[in-house]
Amino acid sequence: EDDRLLQANYGKLACRVLAEAEPPAPLAARPRAGERIRLGIVSGFFCDHTIFKLFLEGWMTQLDRGRFEVMGFHTGHVADADTTRAAAWCDTFVHGLPSAAWRGAVSAAAPHVLLYPEIGMDPIAARLAAQRLAPVQCVSWGQPETTGMPTLDYFLSSDLMEPPDGAGHYTERLVRLPHLGLCYQRDPPPTLALDRASLGLDPTAPVYWSGQALYKYLPRYDTLFPRIAAALEKSQFVFIGFAKSPEVTAAFRERLRHAFAAAGLDAERHCVILPPMSRERFVAAVGLADVVLDTPGWSGGKSTLDCLAADPAIVTWPGRFMRGRHTAAILRRIGAVETIAGSLDEYVDIAVRLGRDPGWRSAVRLAVARGKSRAFADMEYMQALEKFLADAVAAE
C-alpha cells in the first residue's frame, strides 16, 4: 500500500527526538568559485552487498573528480575486498568508528551534500539521516520507500520506474533521474558450468525461475504458480530459501503447498527451493531455466540486472509503486517489452506461452541479448546526477 503517511509519522518522530538530544550542527558554506563540491556518501554497505553494486560502485568510480570531492563514510562493520577498493576510490574514507562518533565525524568533514543510497537497512546511516548535517541531503532508492524524514530534501529515483503520480508517494522532493537511475557496472559472465540434474531439476520440463528474497512474495499472488502449472503439467518452479531464517522458508513452503492443493496439484512435484547461493552460481542457475518470473508488488532490481547475463525471458507485471516497477523499467530500457504484462491474467498467459512456445521464447531472449548493454554503465544518468547535485548546492 501507500506508506507515505506511516513513514512521515515515524520520520518526524525520529527527527524530533534527535533534534532534542543533539545541538544543531554547523553546516558548510556554499562552495567558493573553483572549489569542489564536498559530497559525503553515507552507507553501511561499502562491502560485498547489493547496495554497493547498485549505487556505490558507480558513484565512486564515475563522478567527475574535477567537480566533486568524494568522501565515503562506511558505517557498517563488514570490511572486505570491496571495502578496500572503495577506500582507494574515495578522496576521504572513514570506517570503524564507534556509533557515538559518527555524527561528529560527518559534521567535521563539512559536506555540501550528503547522499544516502538507502535508509532502512543500516541503523547508523538512518540515525545520521534524521539529523541536518549538510545543506543538501538526498536519499536514493536502495530501499524503495520514502523515509518520511523532514531532514532529507530529495529522493533520487528512476524516470522509467516511477509511475505518473510518483511524487505523491514521497515526503522528499522526487527527482526523476534518467533511465534506471543507476550507473550499474556489469560483472564478467559466470564461468561456472551447471546442469539441471545438479539442482534437482527435470531436464525435460519447462522450468520457471523465481529467485527473489522470500519477503517479496505477497500471499495474494501465491496462485500464480499453480495457475501456470495447471496449463503446463510437467512445469517446475524454482525458489531460493531465505538465508537468515529457515522458519521463513518453511512458512513459504507451506503457503505453496496450500496454493497448489487448492488447485488440485501437488506442490512437492512442481516446486524446488534451492539453498542461498553465490552470484556466479545464481546466474549460472538462471541460465538453466526457460522463463524468469518476476515478483509482483516488489520486483527484482539487482537480481534482474545480473540475470541479463543469461539472456532470459522475463515475465513482469509493473505495480502501482516504484518498488514494483524495477524489472519493467529494465526491460523498457533494453527494448524487450513483449513480456511486460498489464494484468495478473496477462502475466499468467505470457508465462504459459513462453513455456509452450520455444520459438517465441527464443525471440524474446534474442531481444534481451541485443539490448541488454543499455542497462549498464549509464553515463547519461551520471551527467544528470552531477548536474542535479551542483544545481541543488547552488540553490542553497
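Student: Is strand S1 (residues 37-43) mostly covered or mostly open, and how many of its residues are buried?

Tutor: Strand S1 is mostly covered, with seven of its seven residues buried, where buried means under 20% relative accessible area, exposed means over 50% and partly exposed lies in between, using a 1.4 Å probe and protein chains only. Strands here are DSSP runs of E with at least two residues, helices are runs of H or I with at least four, and both are numbered from the N terminus. This is a predicted model, in which local features need pLDDT of at least 70 and side-chain atom pairs count only at pLDDT 80 or more, while totals for chains, interfaces and linings use all residues. Residues are numbered from 1 along each chain as its sequence is written, and side-chain values use heavy atoms, with hydrogens and water left out.

Student: Which residues of S1 sit on which face?

Tutor: Ile37, Leu39, Ile41 and Ser43 lie on one side, Arg38, Gly40 and Val42 lie on the other, and both faces are covered. In a regular strand the side chains alternate between the two faces of the sheet.

Student: Which strand does S1 join, and what is the partner of Ile37?

Tutor: S1 runs parallel to strand S2 (residues 68-74), joined to it by seven bridges, and two strands count as paired if DSSP finds at least two bridges between them. Ile37 has Phe68 in S2 as its bridge partner.

Student: Switching sheets, what is the strand order in the open one?

Tutor: Five strands, in the order S10-S9-S8-S11-S12, form an open sheet with parallel pairing. Strand S10 (271-274) and strand S12 (314-315) stand at the edges with a single partner strand each, so one side of each has no neighbour in the sheet. Further in, S8 and S11 run parallel and are joined by two bridges, and Trp209 has Val292 in S11 as its bridge partner.

Student: Where does Trp209 come up again, in terms of the core?

Tutor: Trp209 is among the residues with the most contacts inside the largest nonpolar core, which has 99 residues, and Leu156 is another of them. A nonpolar core is a set of buried Ala, Val, Leu, Ile, Met, Phe, Trp, Tyr and Cys residues joined through side-chain atoms within 4.5 Å. Helix H14 (residues 379-395) gives this core its largest share, eight residues, and a second, separate core of 30 residues includes Val291, Val348, Val352 and Trp360.

Student: What does Leu156 touch?

Tutor: Not counting residues up to four places away in sequence, Leu156 touches several residues, including Cys138, Trp141, Leu385 and Phe388, where a contact means heavy atoms within 4.5 Å.

Student: How about helix H6, which of its residues are buried?

Tutor: In helix H6 (residues 224-231), the buried residues are Leu224, Phe225, Pro226, Ile228 and Ala229. Their packing partners include strand S9 (236-240), helix H7 (246-262) and helix H12 (344-356).

Student: Changing topic, how many disulfides are there?

Tutor: The count comes to zero disulfides, a disulfide being a pair of cysteine sulfur atoms within 2.5 Å.

Student: Why no bond for Cys90 or Cys307?

Tutor: The closest cysteine sulfur to that of Cys90 is in Cys47, 13 Å away, which is too far for a bond. For Cys307 the closest is in Cys271, at 18 Å, also too far. Cys90 counts as buried at 8% relative accessibility, and Cys307 is buried at 3%.

Student: And overall, what share of the protein is buried?

Tutor: Buried residues make up 56% of the 396 residues, and the secondary structure comes to 14 helices and 12 strands.
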